[in-house]
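Here's a quick briefing on a two-part topic: how the chains meet, and how the sheets are put together. Have the structure open while you read.

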Amino acid sequence: MTLLEHTDVRTDAVVRLENVSKQYGTGSNALLALDRVSLTVKQGEFVCLLGASGCGKSTLLSLVAGLDKISGGTLDIGGRHVSLMFQEAALFPWLSVTGNVELPLRLQGVGRAERKKRAAELLDVVRLGGFADKRPHELSGGMRQRVALARALAQDADILLMDEPFGALDAMTRDLLHDELERIWREQELTVLFVTHNVREAVRLGDRVILLSSRPGRVIEDYAVTSPRPRRIDSPEVSGQAAEITDRLRAEVARHAR
Amino acid sequence: MPVDAVQEDTPSVSQDNEVSGLDALETAPKTDRGSSGRRIWSSAWPKLMAVAIVLLAWQIVVWSKWKPDFVLPGPGTVFHDLGDVITTGDFWDGVRLTLTRAATGFLLAVVIGTVVGAAVSRFAPLRAAIGSLITGLQTMPSIMWFPLAILLFQLSESAILFVVVIGAAPSVANGLISGIDYVPRTWLRVGQVLGMKGFAKYRHLILPASLPSFISGLKQGWAFSWRSLMAGELLVIVPGALSIGVRMQQARDLSDSSLVISYIIVVLVIGILIDVLFNAADNALRKRWGLTGN
């Protein structure tokens with residue numbers, strides 16, 4: 001990338017945080033959201049950030065996305081492009097489904113024909129090829145999230161950040177979208193940083209699950225998920241590891257009971 | 001992550017079916033709302049009924065001899081006279097003149113209101129300076145402006161135009177300002193994530209997002225400009241310009257109540273027709289955005 005690129009053993013790291021802190025406000029009103037967080041995400045890796053409320057996991061995504069500035073430490077994404085998906089699909093109602101997916105391409109100055117072609121491909125990827133001319137309000141919540149995913153993919157970013165993208169969906173839809181996301185991640189060779197408070201979801205999807213403490217957010221554990229893919233959320237391996245992580249998370253939450 | 005090739009292919013077919021099955025279940029089937037004739041009738045009969053009731057009440061008052069017939073004529077006389085009036089080419093010249101004034105004034109108000117509204121929502125000091133002034137202007141009865149307008153522009157088209165614009169522009173500006181103020185935060189975040197800045201942000205996010213509020217502003221602005229125009233045509237009589245207001249004033253001078261009421265009906269009908277146009281635009285937008293109650 002640049003001259004700043006380190007030539008150490010972690011050259012395949014696409015996201016690197018070293019002792020990153022984030023503080024909101026100053027003086028007696030200061031709130032420390034993240035406290036010396038260090039983590040790396042490698043090329044093609046699927047990393048889940050897990051924590052209870054107030055662990056600053058969304059803050060961390062905003063920092064990586066460049067929507068917010070760090071207060072201390074180093075954050076290096078080597079000038080790579082990121083895209084970010086939220087819990088709400090936040091599609092624009094004045095655009096059709098294709099229009100929404102084409103928007104990032106339009107902003108990049110891609111020509112009309114090329115845009116149409118690329119959007120159609122992406123809608124096929126999320127299995128919404130037949131819904132191109134629909135309006136967002138005509139789709140279900142799960143379908144809207146898939147359009148949002150297609151829009152995020154249209155940015156052609158190196159890193160896909162996801163902030164509880166399936167948090168507002170029903171269990172059945174969520175399970176299917178896990179399968180879909182796993183497939184797309186594999187086919188498109190994405191690097192994903194996925195925030196959730198759902199332990200099973202994290203174990204279902206991640207190569208690694210990073211557990212954060214709350215107020216301030218610190219990395220307290222970095223679990224490797226080794227059960228083979230494709231996984232099922234109700235498989236014994238996923239359930240077993242989820243139970244282990246849940247215990248750790250509960251202990252962390254109980255610490256705040258004072 | 002390397003995946004076992006045997007496991008990889010088998011689930012994808014059923015997964016495809018599962019996904020599209022769920023999509024089909026979650027998108028509502030189209031419901032038949034009946035034929036268009038039925039729909040028009042079901043929305044029309046209450047209106048026709050209301051008109052019938054008003055006409056009946058009017059006729060009853062006339063029958064009661066509360067006022068002599070030549071002061072308050074009945075619907076029969078008025079509609080007969082109205083029929084006579086609207087079949088003359090002269091009358092339509094008047095309508096054309098009035099509507100041209102209305103359109104000119106309204107369009108000018110839209111341009112000025114949009115520029116001012118955009119400027120106010122863009123620059124905080126400007127908002128602090130004139131934000132509440134705009135709302136103040138909006139509440140001011142437009143007829144208050146005529147004495148000044150006549151002094152500034154004499155009895156001319158410009159005097160009428162001045163009042164129409166000053167009556168309508170604040171509504172247009174306020175519609176745009178509140179539209180921009182209430183762009184949902186999540187959309188703004190999406191804009192940020194997509195790297196929208198400056199002009200592109202306005203073009204692709206702020207302006208389309210503020211459209212519903214802008215349209216309500218236009219609708220309100222039209223109502224104000226139409227009212228100001230009618231007041232203006234009664235007060236500012238430009239020699240040679242036989243607008244609807246002037247004709248009405250002439251009818252009053254001749255004590256022709258029937259003709260005065262005829263012109264009231266004409267103004268009412270024009271107002272309703274234009275309101276229908278604005279509502280159609282508003283409904284089309286709401287439908288596209290999915291804001292209607294299904």
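Which residue in strand 4 of chain A is the bridge partner of R16(A)? That's D76(A). Before going on, note that this is a predicted model, where local features need pLDDT of at least 70 and side-chain atom pairs count only at pLDDT 80 or more, while totals for chains, interfaces and linings use all residues. Residues are numbered from 1 along each chain as its sequence is written, chains are lettered from A and ligands numbered from 1 in the order in which they are written, and side-chain values use heavy atoms, with hydrogens and water left out.

**The three-stranded sheet of chain A**
- Strands 2-1-4, in that order, make an open antiparallel sheet (strands are DSSP runs of E, at least two residues, and helices are runs of H or I, at least four, numbered from the N terminus; two strands pair if DSSP finds at least two bridges between them).
- Strand 2 (31-42) and strand 4 (72-76) of chain A sit at the edges with a single partner strand each, so one side of each has no neighbour in the sheet.
- Strand 1 (residues 13-24) and strand 4 of chain A run antiparallel and are joined by four bridges.
- Helix 1 (residues 57-65) of chain A packs on this sheet, touching strands 1, 2 and 4, and its direction makes about 120° with that of strand 1 (axes are lines fitted to C-alpha atoms, for helices over the stretch in contact, with angles from 0 to 180 degrees between N-to-C directions).

**The six-stranded sheet of chain A**
- This open sheet has the order 5-6-7-3-8-9 and mixed pairing.
- Its edges are strand 5 (82-85) and strand 9 (219-224) of chain A, each with a single partner strand, so one side of each is left without a neighbour in the sheet.
- Strand 6 (residues 159-163) and strand 7 (residues 191-196) of chain A pair in parallel over five bridges, and D163(A) has V195(A) as its bridge partner.

**Where chains A and B meet**
- The contact (heavy atoms within 4.5 Å) takes 38 residues from chain A and 31 residues from chain B.
- There is one salt bridge between the chains (a side-chain nitrogen of Lys or Arg within 4 Å of a carboxyl oxygen of Asp or Glu).
- R146(A) forms a salt bridge with D23(B), with the closest N and O atoms 2.8 Å apart.
- On the side of chain B that touches chain A, helix 1 of chain B gives the most, with 10 residues.
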